[in-house]
Amino acid sequence: ADQPDPDPSKKTLVILGTGWGSVSLLKKLDTENYNVVVISPRNYFLFTPLLPSCTTGTIEHRSIMEPIRNFLRHKKAAVKYYEAEATKVDYEKKVVYINDESEIKGDVSATEVPFDMLVVGVGAENATFGIPGVREHGLFLKEVGDAQRIRKRIMDCCETAIFKDQDPEEVKRLLHMVVVGGGPTGVEFAGELQDFFNDDLKKWIPDIKENFNVTLVEALPNVLPMFSKQLIEYTEKTFKEETIKIRTKTMVKRVTDKFIEAESTGPDGKKQLERIPYGLLVWATGNALRPVVKDLMSQIPAQKDSRRGLAVNEYLVVKGTENIWAVGDCAVANYAPTAQVAAQEGSFLARLFNQMAKTEQIEEELKKLSTAQEKAPSKDDRDRVFANIKDLQKRLRRVKQMGPFEYSHQGSLAYIGSEKAVADISWLTGNFATGGTLTYFFWRSAYLSMCFSTRNRVLVLVDWVKAKVFGRDVSRE
Ligand code: FAD
Ligand code: NAD
């Protein structure tokens, strides 16, 4: 349905971001109740769990993107979408400042959007802890562009390594693929990369066979800290078999264009500084606050002590405000920053907003009825209206009875390479940890069923078959 101008009788609900949190809110939101405006620099939703597979071409990136327009065109009332970055939220003025950061800019590329209600779902940035050289020389793995850059760099390193007359030390450096951060992002990427080498690269480019190495560097004593001990051991054992080197208790301190400098702690507790040459460096050390979130926090006194993001209450209201909510990685609600949490928070907000609209509707009707009651000519009429009022009040109480947000953990799942996955799954009967090939099939079908649209499901399935039958594409785009 078309709805060109905002309806003055409705509140304006502005939603920032098109990630897990915001999109799951949009999916369930009854858009007829508000003037809904979505602002995000990305006009698509990205299915992040399969992003590591895009770095090697197991999956093509477009298969895990879903245009935001696809979600919006199915809504009952039109939703406005602006492809822009929110650069600042003015809390007092109830305005969001937005900037078109895309390549093509019109005469107007910066403006402001007023809001009555605001949902912040802008996710997080890549943490670098201010370590020098990371931004200049490392590659991240968060967005589609990142995966494309990694894919290109892998091929570039391989082709450059076998350039005529290349020095043996330089060959080794170029073919050393270093991943920093042993969280699930680093582990999944390392697994995918080693698969790529085992399944395809060494067949297509046999000259790199002897020198291609993947190393995973982690500051803590073990990788995958959120998984159970048994699965950590299973992952470390699998990596050893796959010949992925794990360097734990190794903290990267500095990055140059050709090597990283890391401090490692030996078994005797002695620390030593070493240089590790690399060709490809993927940096996956977790999340940091986005500037727009940091700035908003600085405007709200109640956020003074929050470090990791917008502190929210059990209804996801940003503490210290009444009309701002936060979901996903930019919100701090005592859950891990995962897609699972963000998606559940988004659908909770949709229910909350649908319910708030219903409440207002009933309250409006109640107001009308009480005037009607006062003006009613006879006692009978008054009694009739009174009965209606009672009914509505009952309905109101029922509608208002919405409990706070409660996260239901479905389990953690990570792909670790060579067709193996690890899973900590909490089903009805408690916890259950598993690893291996069966888990991998479970992993694949779980992701397929989670993939947003049928279209995405088909595309991902076709990519998997293509990669299996023809091998991954090794051309450098
Ligand atoms: P995001 O999904 O990051 O979305 C943020 C949105 O905000 C984006 O649309 C972005 O363009 C937009 N935005 C950014 N800046 C602005 C701005 N200034 N103004 C407006 N919009 C802005 N979690 C799991 O549970 N399971 C997994 O298997 C899993 N695998 C992962 C694999 C990888 C490689 C990565 C990187 C993450 C993975 N995660 C996984 C974590 C999960 O992706 C995040 O927790 C989740 O994306 C958080 O959702 P979000 O909505 O907060 O943010
Ligand atoms: P993370 O925060 O989980 O892990 C980062 C790791 O980097 C930590 O173990 C940390 O000790 C290490 N590190 C930090 N600084 C370092 C340094 N200087 N040198 C060496 N190591 C250093 O980050 P992530 O893996 O990007 O994950 C981010 C979030 O996304 C997490 O909540 C995670 O659960 C979620 N995620 C989930 C999945 C999945 O469920 N399959 C996949 C990817 C991401």
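A polar contact, as the term is used on this tour, is a pair of N or O atoms within 3.5 Å. With that cut-off in hand, and keeping in mind that this is a predicted model, the tour begins at the first ligand.

**Stop one: ligand 1**

Select ligand 1 together with W20, where a backbone N or O atom of the residue lies 3.1 Å from an oxygen atom of the ligand. Then add T18, which likewise brings a backbone N or O atom to 2.9 Å from an oxygen atom of ligand 1. At T48, by contrast, look to the side chain, since an N or O atom there is 2.6 Å from an oxygen atom of the ligand. If you now compare surfaces, ligand 1 has 1000 Å² of accessible area on its own, and the protein covers 89% of it.

Widen the selection to the whole shell, which is made up of 29 residues, the closest being G21, T48, A86, D329 and Y447. Colouring by element will pick out α1 (20-28), β2 (34-40), β6 and α10 (339-375), each of which gives two or more residues to this shell; the element that gives the most is α10, with three residues. Colouring by class instead divides the shell around ligand 1 into 13 nonpolar, twelve polar and four charged residues.

**Stop two: ligand 2**

Move next to ligand 2, and select the 24 residues that surround it, of which T185, E218, V252, P337 and L413 are the closest. Two contacts here involve nitrogen atoms of the ligand: one such atom is 2.6 Å from a polar backbone atom of L413, and a backbone N or O atom of V252 lies 3.1 Å from a nitrogen atom of ligand 2. At P184, a polar backbone atom is 3.3 Å from an oxygen atom of the ligand. Of the 850 Å² that ligand 2 exposes when taken alone, the protein buries 79%.

The elements to highlight around ligand 2 are α7 (184-204), β14 (250-255) and β22 (412-417), which give two or more residues each to its shell. By class, that shell holds 14 nonpolar, eight polar and two charged residues.

**Stop three: helix α9**

Finally, select residues 291-299, which form helix α9, and show the side chains of its buried residues V292, V293, L296 and M297. Seen down the axis of α9, these buried residues fall within an arc of 135 degrees, so they line one face of the helix. Among the elements covering them are β6 (85-90), β9 (117-120), β19 (310-311) and β20 (324-326). Turn to the face directed away from this buried side, and the exposed residues P291, K294 and S298 come into view.

Note on methods: Residues numbered from 1 in each chain as written. Chains lettered and ligands numbered in written order. Predicted model: local features only at pLDDT ≥ 70, side-chain atom pairs only at ≥ 80, totals over all residues. Heavy atoms only, no water. Buried < 20%, exposed > 50% of the residue type's maximum accessible area, 1.4 Å probe, protein only. Helix = DSSP H or I, 4+ residues; strand = E, 2+ residues; numbered from the N terminus. Arc of directions from axis to C-beta. Contact = heavy atoms within 4.5 Å. Near = heavy atom within 4 Å. Polar contact = N/O pair within 3.5 Å; in protein donor to acceptor, adjacent residues only side chain to side chain. Areas by Shrake-Rupley, 256 points an atom, 1.4 Å probe, with all protein chains shown as cover. Nonpolar A, V, L, I, M, F, W, Y, C, P; charged D, E, K, R; others polar.
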